[in-house]
Structures are given as structure tokens and as C-alpha cells.
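Below are some notes on this entry, set out as numbered points. They go from the terms used, through the overall build, to a few strands and one residue.

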Amino acid sequence: MRIRIVDAFTSRPFTGNPAGVCLLPAGPWPDDAWLGQLAAELNHPETAFALPLPAGSEADWEIRWFTPLVEADLCGHATLATVHTLRREGLLTGGPVRFLSRASGLLTAWAEEEKDGDEGDEGDEGEITLDFPAAPTTEVPIPAGLADALGVRPEGTFRTGALGDLLAVLPDEATVRALRPDLAGIAALSLREELRGVIVTAAAAAGAESGYDFVSRFFAPARGIPEDPVTGSAHTALAPYWAARLGRLDALTGLQASGRPGRVKVALQGDRVLLTGRAVTVLEATLRVRPVLGEP
């Protein structure tokens with residue numbers, strides 16, 4: 001089995017969010033414990049496993065995502081990385097590719113046609129668009145301990161429904177960028193409030209043309225991700241929030257201002273969000289350990 005490490009939501013290596021991608025052979029899923037051990041071995045924010053489905057199925061592939069600690073219900077950057085890998089392997093038919101996920105239903109993606117680059121270079125890969133369920137936000141009181149954990153009191157906080165995050169709105173972009181949170185405090189709060197993680201966000205700084213409309217960062221230490229570099233799934237909540245706040249019906253661009261920044265184009269379409277970005281492969285390797293098959 002080949003393993004790829006793909007940087008997602010970026011066109012430059014060593015930026016954006018790294019994901020492991022494993023394209024499994026047709027047949028039964030490997031044992032869950034084995035999948036988790038491999039994800040922990042790779043130790044990236046998420047590792048995606050994609051299993052081809054028989055012709056005539058409702059989807060082309062079944063997809064699952066694992067952090068170093070747990071299986072995830074939804075992951076944007078690792079899905080984008082998987083589509084990028086399928087394109088590189090010539091496994092896309094030219095139309096949309098359909099993924100069946102266990103917790104988030106049917107997910108669809110489109111990839112621009114790959115353009116030739118120099119030998120040994122991936123060239124201009126073109127954009128990839130993911131069609132994910134939107135996560136509408138509901139305002140809630142600021143949870144006890146959040147201001148202390150962040151080091152700043154949010155202007156407001158919102159739950160994100162099935163996504164399972166807390167969205168905290170901060171005063172400005174500079175505050176988001178300067179944030180040095182108490183990760184142990186966020187982990188404790190996440191466990192107490194049954195959260196996947198905490199999203200912080202603010203409008204893009206006024207003035208110079210930035211090329212983005214809002215900034216964000218994402219912290220999920222209770223899931224084994226102290227700070228996620230670029231979180232596609234978080235933008236399923238950021239998109240409806242900022243579309244409503246900015247009164248914008250056209251596409252928006254979010255900048256996730258981590259140490260490995262990346263940009264996510266978002267477009268709200270009813271109860272769905274289109275997430276668009278690029279990706280680049282930085283490593284390919286051969287797995288030397290046989291999968292342990294799970295129950296049939």
C-alpha cells in the first residue's frame with residue numbers, strides 16, 4: 001500500500017495542512033485499531049483512508065478520517081488531499097467523485113484537470129472543490145473558563161450543531177494572530193462541553209487589499225490536535241456565519257492564520273457549503289506492515 005503526505009489548502013509545500021492519504025484495496029475495511037495505529041504513526045492532524053466501492057454503489061469510495069487519537073466525523077483538508085491523490089493516480093473520470101462517510105453522509109468533490117509541469121514537479125494542480133453540509137451557528141453564553149483559556153474575552157460564542165465545535169468571535173485579526181491559548185484549559189473545556197474543538201475568528205483587517213475576508217484558527221487538543229493548521233470542516237460553520245454577518249451572497253475567502261497558513265474559498269448554497277482549495281504532494285512511501293482486517 002502506498003502512503004502519501006499531502007499539504008492541503010495550499011499550493012506551496014510545507015504550508016497548509018498536512019494529511020496522510022491511504023488508498024485501500026477493494027474488500028473489507030482493516031481493523032479500526034489498526035487504522036488508528038497507522039494514523040498515530042503518521043502523527044498528522046488527520047489521515048484519510050479511502051476504500052473503493054463496487055460499481056453501482058451510491059458512491060465511488062468510502063472515506064474515513066483518523067486523528068492521532070480518535071476517528072473523526074468529518075475532515076475537509078484530508079478529503080481534499082484524497083481527491084488530489086486520486087487525480088494524481090488517474091482515478092478520476094472527469095466528473096464529480098462521490099465519497100460515502102459514516103457520520104456526514106454523501107460528500108461530493110470536483111477537481112480541475114491537472115496541467116503538466118516540469119519533470120519531477122507537480123506543476124499547476126488546479127483547484128479542488130468539496131461539497132459539505134453547512135453547520136449553522138447558534139449563539140450561546142460564553143462558557144466558563146473560555147476567556148481564561150484563550151487569554152481574551154470573546155465578543156460572542158456560538159455552537160455549531162453536529163459539527164461539534166465552539167465558534168468564538170474575537171475583536172480583530174491582530175487578536176486572532178497573537179493568540180497564545182492555554183491548550184490544557186481548552187482541552188478541559190472541550191471535554192466538559194463535549195466539543196470537538198474551538199474555532200476563533202475575526203474579520204480581516206481593514207486597509208490594504210488582503211485577498212481574504214476573515215481569519216480563523218482552530219484548537220482541538222482533546223482530539224490530539226493542539227492547533228490544526230487549516231481546517232476545512234470548520235469553514236462549514238465559518239461560511240454561514242460570515243455570509244450573514246457581512247451580508248455577502250457571493251463567495252468569501254478565509255485565511256487560517258496558523259504557523260502553516262492556508263486559504264479556503266467558501267460559497268454558501270442553501271444547507272451546503274462549497275470549500276475550494278489546492279494541494280501538493282510532499283512525500284510518497286510504501287507501507288511495509290500488512291493491514292489487519294476487521295470483522296466482515
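1. Two strands count as paired if DSSP finds at least two bridges between them. The strands themselves are DSSP runs of E, at least two residues long, numbered from the N terminus. The coordinates discussed here are a predicted model.

2. With those terms, the hairpin of S10 and S11 can be described. Five residues lie between the two strands, and Gly161 in the turn has a positive phi of about 60°. Strand S10 covers residues 156-159 and runs antiparallel to S11, the two being joined by four bridges. Within this pairing, Thr157 stands opposite Ala168 of S11.

3. How many residues of strand S11 are buried? Five of its five residues are, the strand spanning residues 165-169. Asp165, Leu167 and Val169 point one way, Leu166 and Ala168 point the other way, and burial applies to all of them. S11 also pairs with strand S12 (residues 197-203), here in the parallel sense and over five bridges. In that pairing Thr201 of S12 is the residue opposite Val169. S11 is therefore antiparallel to S10 and parallel to S12, with cover under the 20% relative accessible area cut-off for buried residues.

4. Strand S6 (residues 97-101) gives another pattern. Val97, Phe99 and Ser101 point to one face and are buried, whereas Arg98 and Leu100 point to the other face and are not. In a regular strand, side chains alternate between the two faces of the sheet.

5. S6 has pairings of both senses. With strand S4 (residues 61-66) the sense is parallel, over two bridges, and Trp61 has Phe99 of S6 as its bridge partner. With strand S7 (residues 105-111) the sense is antiparallel, over five bridges. Ser101 has Gly105 of S7 as its bridge partner, and a hairpin of three residues joins S6 to S7. Phe99 and Ser101, which take part in these bridges, are among the buried residues of S6.

6. Is Leu23 buried or exposed? Leu23 lies in strand S2 (residues 17-23), and its relative accessibility is 14%, so it counts as buried. Leaving aside neighbours within four places in sequence, its contacts include Met1, Arg2, Arg4, Ala50 and Trp61. Thr82, Thr85, Leu86, Glu89 and Leu91 are also in contact with Leu23. The C-alpha atoms of Leu23 and Ile63 are separated by 9.5 Å, with their positions 40 residues apart along the chain.

7. As to the whole protein, it has six helices and 18 strands. A compact globule of 296 residues would have a radius of gyration near 19 Å, and the protein agrees because its value is 19 Å. The C-alpha trace spans about 50 × 40 × 35 Å along its principal axes. Buried residues make up 52% of the 296. Of the contacts between residues at least 6 apart in sequence, 63% join residues at least 24 apart.

8. Surface and charge can be stated briefly. The protein exposes about 13200 Å², of which carbon and sulfur atoms supply 51%. There are 26 positive and 40 negative charges, and their mean positions are 2 Å apart.

Notes
Residues numbered from 1 in each chain as written. Predicted model: local features only at pLDDT ≥ 70, side-chain atom pairs only at ≥ 80, totals over all residues. Heavy atoms only, no water. Buried < 20%, exposed > 50% of the residue type's maximum accessible area, 1.4 Å probe, protein only. Rg over C-alpha atoms; globule rule 2.2 N^0.38 Å. Contact = heavy atoms within 4.5 Å. Areas by Shrake-Rupley, 256 points an atom, 1.4 Å probe, with all protein chains shown as cover. Lys, Arg positive; Asp, Glu negative; His and termini not counted. Charge placed at Lys NZ, Arg CZ, Asp CG, Glu CD.
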